[in-house]
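Here's a quick tour of a fold, put together for someone who would rather look at helices and contacts than read a long preamble. Have the viewer open as you go.

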Amino acid sequence: MNSIPYNRRMSGDREELEDVQMLLNCYGPIAITLHMEMKTSGILGEYESVHFLKKLVHFYAKNLMEMEKNRFALLNIRRLVSLFPSFSQLRKILRPHTYRGREMIFFKLLLDILTNYYKATEIPLFKTLQGKVIPLALSFYSSQSTSTLHDIVEELMVVTESTSTLVVKY
């Protein structure tokens with residue numbers, strides 16, 4: 001039996017639902033899908049939905065910096081990347097009229113993580129980087145105007161509160 005009073009449990013559920021709704025409105029279905037995967041897996045630990053992007057960036061940047069000294073950091077990053085949508089799903093998102101502007105902030109974040117991950121781990125041939133990540137990046141960047149890309153990078157920096165080592169500016 002749960003010891004939290006019913007009305008308090010409902011209030012917490014309602015707040016979480018509002019947070020998830022905000023995440024959906026701001027960053028689209030891809031963010032919700034990944035948020036739910038990460039909540040289920042427990043990879044990011046406990047966090048509020050509104051802090052999802054910040055927590056994701058912090059987790060990745062911390063493990064990226066520790067990767068050469070700590071093999072568990074590399075395993076953490078592999079586990080994180082395994083939760084991402086497939087490359088075919090990501091390509092579908094880039095089709096015209098399937099996304100809104102702010103959703104591209106989250107898409108760029110995923111693209112930056114994938115780029116850094118495959119640069120750091122795929123040796124020597126960079127098969128996935130050359131065959132999947134770079135074509136996806138080219139599609140993304142060619143579909144955005146320079147001013148839109150600038151806005152995306154600026155917003156991403158604000159939302160994540162720095163970690164400039166992660167954000168790849170093209």
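What follows goes from the overall make-up to single helices, one helix pair and a few residues.

**Overall picture**

Keep in mind that this is a predicted model. The protein has seven helices and zero strands, so to speak an α-α-α-α-α-α-α string when read from the N terminus. It has 170 residues, and 42% of them count as buried. Take the contacts between residues at least 6 apart in sequence: 65% of those join residues at least 24 apart.

**Helix lengths**

Three helices can be checked against the span expected at 1.5 Å a residue.

| Helix | Residues in helix | End-to-end C-alpha distance | Expected span |
|---|---|---|---|
| H2 | 15 residues | 21 Å | 21 Å |
| H5 | 19 residues | 27 Å | 27 Å |
| H6 | 16 residues | 22 Å | 22 Å |

For H6, which covers residues 127–142, the end C-alpha atoms sit 22 Å apart, and that agrees with the 22 Å it should span. There's a kink to look at all the same: H6 bends by about 35 degrees at Val133, with a proline, Pro135, following within four residues. Val133 is also one of the buried residues of H6, along with Thr128, Leu129, Leu136, Ala137, Phe140 and Tyr141.

**The H2 and H5 pair**

Two packed helices are described by the angle between their axes and the distance between the axes. How do H2 and H5 score on those terms? The axes of H2 (residues 52–66) and H5 (residues 103–121) come within 12 Å and cross at roughly 10 degrees. Angles under 35 degrees count as roughly parallel, and that is why H2 is roughly parallel to H5.

On the H2 side, the residues that meet H5 are Phe52, Leu53, Leu56, Val57 and Tyr60; on the H5 side they are Phe106, Leu109, Ile113, Asn116 and Tyr117. Sorted by class, the contact has nine nonpolar residues, one polar and no charged ones. An α-helix has 3.6 residues a turn, so residues three or four places apart point the same way.

Burial fits into the picture as well. In H2, the buried residues include Phe52, Leu53, Leu56, Val57 and Tyr60, and Phe59, Ala61 and Asn63 are buried too. As for H5, 16 of its 19 residues are buried, so the helix is largely enclosed by the rest of the structure.

**A few residues up close**

Is His35 buried or exposed? With a relative accessible area of 0%, His35 is buried. This histidine belongs to H1, residues 6–41. Leaving out residues up to four places away in sequence, His35 touches Glu16, Val20, Leu23, Tyr47, Ser49 and Phe52. Phe52 also turns up among the H2 residues that meet H5.

Next, which residues does Val159 contact beyond its neighbours within four places in sequence? They are Tyr27, Leu53 and Lys54. Val159 is found in H7, residues 146–160. In sequence, Val159 and Leu53 are 106 residues apart, yet their C-alpha atoms are 7.2 Å apart in space. Leu53 is one of the H2 residues in the contact with H5.

Last comes Arg91, located in H4, residues 87–93. Its relative accessibility is 45%, so Arg91 counts as partly exposed. Arg91 and Phe140 are 49 residues apart in sequence and 8.9 Å apart in space, C-alpha to C-alpha. Phe140 is one of the buried residues in H6.

Conventions
Residues are numbered from 1 along each chain as its sequence is written. This is a predicted model: local features need pLDDT of at least 70, side-chain atom pairs count only at pLDDT 80 or more; totals for chains, interfaces and linings use all residues. Side-chain values use heavy atoms; hydrogens and water are left out. Helices (H or I, at least four residues) and strands (E, at least two) are DSSP runs, numbered from the N terminus. The expected span of a helix is 1.5 Å times one less than its number of residues. The bend at a residue is the angle between axes fitted to the seven residues ending there and the seven starting there. Buried means under 20% relative accessible area, exposed over 50%, partly exposed in between (1.4 Å probe, protein chains only). Axes are lines fitted to C-alpha atoms, for helices over the stretch in contact, and angles run from 0 to 180 degrees between N-to-C directions. Angles under 35 degrees count as roughly parallel, over 145 as roughly antiparallel, 65 to 115 as roughly perpendicular and the rest as oblique. Contact means heavy atoms within 4.5 Å. Ala, Val, Leu, Ile, Met, Phe, Trp, Tyr, Cys and Pro count as nonpolar, Asp, Glu, Lys and Arg as charged, and the others, Gly among them, as polar.
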